[in-house]
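Thank you for sending this model for comment. The points below are offered to a reader who is new to protein structure.

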Amino acid sequence: MTFSLVARSADGRLHGVAVASRFLAAGALVPGAEAEVGAVASQAHANLSYRPNGLALLRAGVPAAEVIAQLVAADPGRDDRQLGVVGATGPGATWTGPRCGGWAGGLAGDGWAAQGNILAGPQVVEAVRDGWLAGESLPFPKRLLAALRAGEQAGGDRRGRQSAALLVVQRGGGYAGTGDNLVDLRVDDHLDPVGELHRLLDIHTMLFGKPDPATLLELAGPLADEVAGLLAAAGHPVGGAGLTAAVHPVGAGAPATVAGPALEEALASWAGWENLEERLMPGHIDPIVLVHLRRTVAAVPAPRTGD
């Protein structure tokens with residue numbers, strides 16, 4: 001009733017699980033992951049203890065295949081279980097109990113394992129594999145989702161669609177660097193759960209993705225003036241001496257304005273309101289933040305001047 005992918009990034013810094021199912025809130029049951037340790041997917045008649053116990057074995061340096069061997073050997077219900085495991089190094093591993101609903105099976109390779117049960121056929125897991133291997137150029141979370149989408153397009157769960165989830169861990173990759181869950185998104189009940197998960201990941205990336213230093217714009221000159229005007233229109237006006245004269249020449253030597261503390265405070269106030277605080281950089285503005293600011297102001301209704 002479920003298909004999933006557990007995987008590790010090429011540099012070993014990220015681990016993740018992507019899962020889709022005709023089952024309510026599969027994301028509450030299937031995925032488990034720990035930064036720089038590994039990832040586990042427990043499904044079919046899921047044994048929830050596989051997640052913490054599997055991660056404990058991976059933490060102790062046990063290879064993925066041996067993790068599966070130990071977990072299923074100790075489980076009287078193993079014939080009804082399905083499991084995927086990937087560790088900090090080496091190939092992934094997968095297990096499908098002989099009583100899992102057909103079609104059921106899995107594939108594994110270096111740093112990944114794909115598995116599913118009650119599927120339209122083996123082409124689903126093959127498509128997940130192919131989608132994963134073809135996605136090297138994508139950011140890791142999007143690569144996982146692209147593989148999941150490929151499995152769905154190949155037939156997915158033969159009973160239909162209901163839920164999907166994406167869990168990605170990275171040491172210090174969580175909100176404000178205070179945790180390891182880089183992405184933790186669930187769609188519990190939806191007509192198009194994988195599509196909705198893509199939409200949520202796009203929003204998550206906009207809000208919590210790290211700014212690309214190569215694309216940052218200096219908050220100076222006409223851009224600083226524009227940002228100050230946009231902030232005022234958005235209800236976060238710059239107070240006091242928000243713009244201060246530059247001490248360095250710009251262009252042909254003409255002075256320009258640069259961001260002063262008041263402008264940065266106003267920008268931070270608006271960004272906090274919009275949940276974009278993770279994209280703030282002193283003295284600069286992320287183009288993604290600038291685009292969102294422009295769109296926000298464009299959507300603000302003009303004030304009424306009278307009846």
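Across which strands does helix α2 lie?

1. The model is a predicted one. In it, helix α2, formed by residues 64-73, lies across β5 and β6. The direction of α2 is at about 150° to β5.

2. The strands just named belong to an open sheet of 4 strands, ordered β3-β4-β5-β6 and with antiparallel pairing. Its edge strands, each pairing on one side only, are β3 (31-34) and β6 (93-96). From one strand to the next, the twist averages 10°. As background, the strands of a sheet pair through backbone hydrogen bonds, in either a parallel or an antiparallel manner.

3. Within this sheet, β4 (residues 38-44) pairs with β5 (residues 81-87) in the antiparallel sense over 7 bridges. Q43 has Q82, in β5, as its bridge partner.

4. A further helix, α1 (residues 50-59), lies across β3, β4 and β5. Helix α1 runs at about 150° to β4.

5. The largest pocket deserves separate attention. It holds about 640 Å³ of space. Its lining is made of 27 residues, and those closest to the centre of the pocket are L14, L138, P139, F140 and P141. Two or more lining residues come from each of the elements α3 (122-133), α4 (140-153), β10 (181-187) and α5 (193-208).

6. What is the chemical character of the residues in the lining of the largest pocket? They comprise 13 nonpolar, 6 polar and 8 charged residues. In general, empty space of this kind is shown by rolling a probe the size of a water molecule over the atoms.

Key: Residues are numbered from 1 along each chain as its sequence is written. This is a predicted model: local features need pLDDT of at least 70, side-chain atom pairs count only at pLDDT 80 or more; totals for chains, interfaces and linings use all residues. Side-chain values use heavy atoms; hydrogens and water are left out. On a 1 Å grid over the protein atoms alone, a cavity is a set of points where a 1.4 Å probe fits but cannot get out, and a pocket is an open set with protein on both sides within 12 Å along at least five of seven lines; lining residues have an atom within 4 Å of a point. Grid points are joined across faces, edges and corners, and a volume is the space filled by probe spheres set on the points. Ala, Val, Leu, Ile, Met, Phe, Trp, Tyr, Cys and Pro count as nonpolar, Asp, Glu, Lys and Arg as charged, and the others, Gly among them, as polar. Two strands pair if DSSP finds at least two bridges between them. Axes are lines fitted to C-alpha atoms, for helices over the stretch in contact, and angles run from 0 to 180 degrees between N-to-C directions. Contact means heavy atoms within 4.5 Å.
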